[in-house]
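Reader: I am new to this structure and would like a close look at a single part of it. Could you take me through that part slowly, in connected prose?

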Amino acid sequence: MLDHAKNQVLTQVGRGTPMGDLLRRYWMPIAALSEFENETIKPVRLMGEDLTLYKDMSGAFGLIGRHCPHRCADMSYGFVEQRGLRCNYHGWLFDRDGRCMEQPYEDVAQPEVRYRDKVRIAAYPVETRAGLIWAYLGPEPAPLVPNWEPFTWKNGFVQIVFADVPCNWLQCQENSVDPLHFEWMHMNWSVRLKDQGGPYSPRHLKLAFEEFDYGIVYRRIREGMSEQDPMWKVGRVCLWPNALFTGDHFEWRVPIDDERTLSVTWCFNRVPKEREPYVQEQIPAWHGPVLDSETGRWISSHVMNQDFVAWMGQGVIADRTQEHLGTSDAGIIMLRQRFLKDIEAIARGEDPLATIRDPEINRCVSLPIADRKRLIEGMTLEEIAKHPLGAGQLTDYVFQAGQPREVRKAYAEAMGIAK
Ligand code: FES
Ligand SMILES: [Fe+2]
């Protein structure tokens, strides 16, 4: 349980709030590169700030304020130029650093005043990595965009999946350090959703949590497992500050504002050995629905949709004064305490956990990966079909509802299973 004041501290993401300022010390994935194949501008709301993401005619990305400093027109309806984004109302042009480069009428009417030098729009750095576009809203010098190990892997089919989840980010992230829910929410609930009475899945017998350089590792032992099992020896990762990492799959919970979260998944499927060498030309991105429009209820058929049901069910901002934590929640307590400590750390001028500034380290940041061998060495199609984690993925995208047919087709072609 948390008192009301601490719950507020941990859940508010606006600029100038303690957690908002802490989260601004990290790069956040906000869009996919492939979304800009046919579009040039995307409105973005990030940590309560309304912004405009664009790709100009030189191919450079920029992230600037949503409203023009002239008379507040919506910059997401502007148009890109060779360099920068131009407001569609009176043509003021801004570059990616927020400088005003042109004010067409002022530049003619009173060029000597150079009024444009006095005007700026908010602007933040953006970088691309692993098919994602990342934004940094914190103080300079910015750390590096983490180059997590799977981003360097070859022979994979990657897809990026988004969902708008109407609740606060923290309850989503607490799910990243909650191994027990897997047994009930994903395994046993799925059994019951299929209208089957059982059997239920093996029970969790032992859990452990441990902080490391990039988050918290969680380990589990379920009935029938020994301490030699990779789920105990290696475990899985609550990745700092707002992601889950399971080995070939990242899920970021990106705060849109205090009451909404953008779920961003980066999912890697190693192609069968017989398909190597495989080079993916473009990483597809798609947006999955959360609500079943026919029933008016949340979708519950896919793994992450089930998670969304849990998160949204906790309320728009979970009231942690009402909870009764058990021993299974040790990781959640650890996560909250670490955030509170890091709020103090940045106030002292220190870097928070998982800040990467050394380019040598960032060449490839390795993480605990329970089934590393499968991902590094690959498997034949026959072996994938027999693998407990691989087989289901050959027939469906199991993580989220709504995968477009063309993405399924591209996946099937990559895997060599297209009919
Ligand atoms: S409001 Fe943007 S140029 Fe006038
Ligand atoms: Fe889950």
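Reader: Please start with His-181: is this residue buried or exposed, and what does the iron ion (ligand 2) have around it?

Author: In this model, which is predicted, His-181 has a relative accessible area of 17%, and because buried means under 20%, His-181 counts as buried. His-186 is buried as well, with a relative accessible area of 8%. Both histidines coordinate the iron ion (ligand 2) through their NE2 atoms, and Asp-307 completes the list of donors with two OD entries, the distances running from 2.1 to 2.5 Å. Read along the chain, these donors follow the spacing H-x4-H-x120-D. The angles that the 4 donor atoms subtend around the iron ion (ligand 2) range from 56 to 144 degrees, and therefore the arrangement is irregular; a tetrahedral label would have required all angles to lie between 85 and 135 degrees.

From the metal one can turn to Ser-190, which is found in helix α5, a helix that covers residues 180-193. Ser-190 has a relative accessibility of 18% and so falls under the 20% limit for a buried residue. Leaving aside residues up to four places away in sequence, Ser-190 touches Met-185 and Gln-306.

Another residue that rewards a careful look is Thr-261, whose place is in strand β18, the strand made up of residues 260-270. Its relative accessible area is 0%, so Thr-261 is buried. The side chain of Thr-261 reaches the backbone oxygen of Cys-167 at 2.7 Å, and that side chain also reaches the backbone nitrogen of Trp-169 at 3.1 Å. When residues up to four places away in sequence are not counted, the residues that Thr-261 touches include Cys-167 and Trp-169, and among them are also Ala-163, Asp-164, Val-165, Asn-168 and Cys-172. Arg-253, Val-254 and Ile-256 are touched by Thr-261 too.

The cysteines deserve a last word. Cys-68 is buried, since its relative accessibility is 2%, and Cys-87, with a relative accessible area of 3%, is buried too. A search of the whole structure for disulfides finds 0 of them.

Note on methods. Residues numbered from 1 in each chain as written. Chains lettered and ligands numbered in written order. Predicted model: local features only at pLDDT ≥ 70, side-chain atom pairs only at ≥ 80, totals over all residues. Heavy atoms only, no water. Disulfide = S-S within 2.5 Å. Buried < 20%, exposed > 50% of the residue type's maximum accessible area, 1.4 Å probe, protein only. Helix = DSSP H or I, 4+ residues; strand = E, 2+ residues; numbered from the N terminus. Polar contact = N/O pair within 3.5 Å; in protein donor to acceptor, adjacent residues only side chain to side chain. Contact = heavy atoms within 4.5 Å. Donors = N, O, S within 2.8 Å, 3.2 Å for Na, K, Ca; no water. Tetrahedral: all angles 85-135°; square planar, octahedral: opposite > 155°, others 65-115°.
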